[in-house]
Amino acid sequence: MFEAFDTEVGARAKRAASASASAARLGKQLQKAAESVDIHLLRQKVEDAAGKAGEAAALLAELRAAVTAFTLAEAAAAEVAASAASDLGPDAYARAFERACAAESIPLEGTYPDYRVFPLDIRIRLHEERIVIGKKSWWALRPVALAQAVKRQRDRLMGGAFAADKFGQALVRAYDVLLPEVQAHSGAAARQVALREVLALLQLGTFGRNNYTKDEFAFDLYRYRQTSMTTGGRRVVLGDMRGLGAGFEVPNARGGRDRLTGLQVLPAEGDADGR
């Protein structure tokens, strides 16, 4: 669906870039000549530089007009109207993006226009001429470029520093705060708290629910499960615990996903493993 764009805008951008680069090279020669007081070279090159700068300006004006007039939605509609083929429009974009993600070994989930690459949501909004990766807008729309951006963002998150001890301590503190409330409602024998309530408590420290999202919490749970999950002589257990409502889908070491709904904190010598 980018044929019209490549013809109307891309080709003009390439010509304008070439002319601008030539003008820049000539400009550097003029600067160097002026610094060395090479009057002969200045007289020889100044007309060429002026001509190339004028050519670049004209091509940039054409490009500006083409970009101003171009809309992705209209171009896609025109392509569909001009062809009976089924490989145009959003379906074509979805297939191209999915192929690009497969080529990059990106574990893509979902269907157009809303995908997920844990821990990121990918929301394709072609009518707005933008993509949302996680919480950030991305404006490069070509599927290959988008797949590469998703990979970079995911790799950055996966390779980022993680304060496992601090996160574990936060889970334990949340558990200690929430457990008495759970026992008041469910009885003194209750030992598990809902992870959604843990998240709500952790979000209070940010003074706003948007500052620490469900996706970020799920990602921290994923990373924490790669550690010993012990802190201060106590062991954190995460699992799909009955009656605790909606939870969080987190990848596991087997290539699948685990549903985590509850948190329990035990003495370090306990025998449940929670993995």
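# Cores, sheet and aromatic pairs in a predicted model

Apart from neighbours within four places in sequence, Phe97 is in contact with Leu108, Tyr115, Ile122, Ile124, Pro143, Leu146, Ala147 and Val150. The model is predicted, and its side-chain atom pairs count only at pLDDT 80 or more.

Phe97 belongs to the largest nonpolar core, which has 30 residues. Together with Tyr93 and Ile122, Phe97 is among the residues with the most contacts inside that core. Two or more residues each come from helix H1 (3-35), helix H2 (39-69), helix H4 (90-103), strand E2 (114-117), E3, E4 and helix H5 (143-158). Which element gives the largest share of this core? The largest share is that of H4, with 5 residues. A second core is separate and has 27 residues, including Phe167, Val172, Leu221 and Tyr224.

## The sheet

Five strands make an open sheet in the order E1-E2-E3-E4-E5, and the pairing is antiparallel. Strand E1 (109-111) and E5 are the edge strands, each pairing on one side only. From one strand to the next, the twist averages 20 degrees.

Two hairpins share strand E4. In one, strand E3 (residues 120-125) pairs with strand E4 (residues 130-133) in the antiparallel sense over 4 bridges. The E3-E4 hairpin has 4 residues between its strands, and Glu129 in its turn has a positive phi of about 55 degrees. In the other, E4 and strand E5 (residues 136-138) run antiparallel and are joined by 3 bridges. Here 2 residues lie between the strands, and Gly134 in the turn has a positive phi of about 65 degrees.

The table lists residues that stand opposite one another in these hairpins.

| Strands | Residue | Opposite residue |
|---|---|---|
| E3 and E4 | Ile122 | Ile133 |
| E4 and E5 | Ile131 | Trp138 |
| E4 and E5 | Val132 | Ser137 |

Ile122 therefore appears in two settings: Ile122 is among the residues with the most contacts inside the largest core, and its bridge partner in E4 is Ile133. In a regular strand, side chains alternate between the two faces of the sheet.

## Aromatic pairs

The structure holds 11 aromatic pairs. One of them joins Tyr212 and Phe217, whose ring centres are 6.1 Å apart with 75 degrees between the planes, an edge-to-face arrangement. Tyr212 and Phe217 are both buried. Another pair is formed by Phe219 and Tyr222, with centres 6.2 Å apart. Why does this pair count as stacked? The planes of Phe219 and Tyr222 lie at 15 degrees, and planes under 30 degrees apart count as stacked. Phe219 and Tyr222 are 3 residues apart in helix H8 (residues 214-224), so about one helical turn separates them. Phe219 counts as buried because its relative accessibility is 6%, and the limit for buried is under 20%.

Ring pairs also link Phe162, Phe167, Tyr212, Phe217, Tyr224 and Phe248 into a cluster. Of these, Phe167 and Tyr224 are included in the second core.

A ring can also face a charge. The charged end of Arg142 sits over the ring of Phe2, 5.3 Å from the ring centre.

Key. Residues are numbered from 1 along each chain as its sequence is written. This is a predicted model: local features need pLDDT of at least 70, side-chain atom pairs count only at pLDDT 80 or more; totals for chains, interfaces and linings use all residues. Side-chain values use heavy atoms; hydrogens and water are left out. Rings of Phe, Tyr and Trp (its six-membered ring) pair if their centres lie within 6.5 Å; planes under 30 degrees apart count as stacked, over 60 as edge-to-face and the rest as tilted. Buried means under 20% relative accessible area, exposed over 50%, partly exposed in between (1.4 Å probe, protein chains only). A charge sits over a ring if NZ of Lys or CZ of Arg is within 6 Å of the ring centre and within 35 degrees of the ring normal. Two strands pair if DSSP finds at least two bridges between them. A nonpolar core is a set of buried Ala, Val, Leu, Ile, Met, Phe, Trp, Tyr and Cys residues joined through side-chain atoms within 4.5 Å. Contact means heavy atoms within 4.5 Å. Axes are lines fitted to C-alpha atoms, for helices over the stretch in contact, and angles run from 0 to 180 degrees between N-to-C directions.
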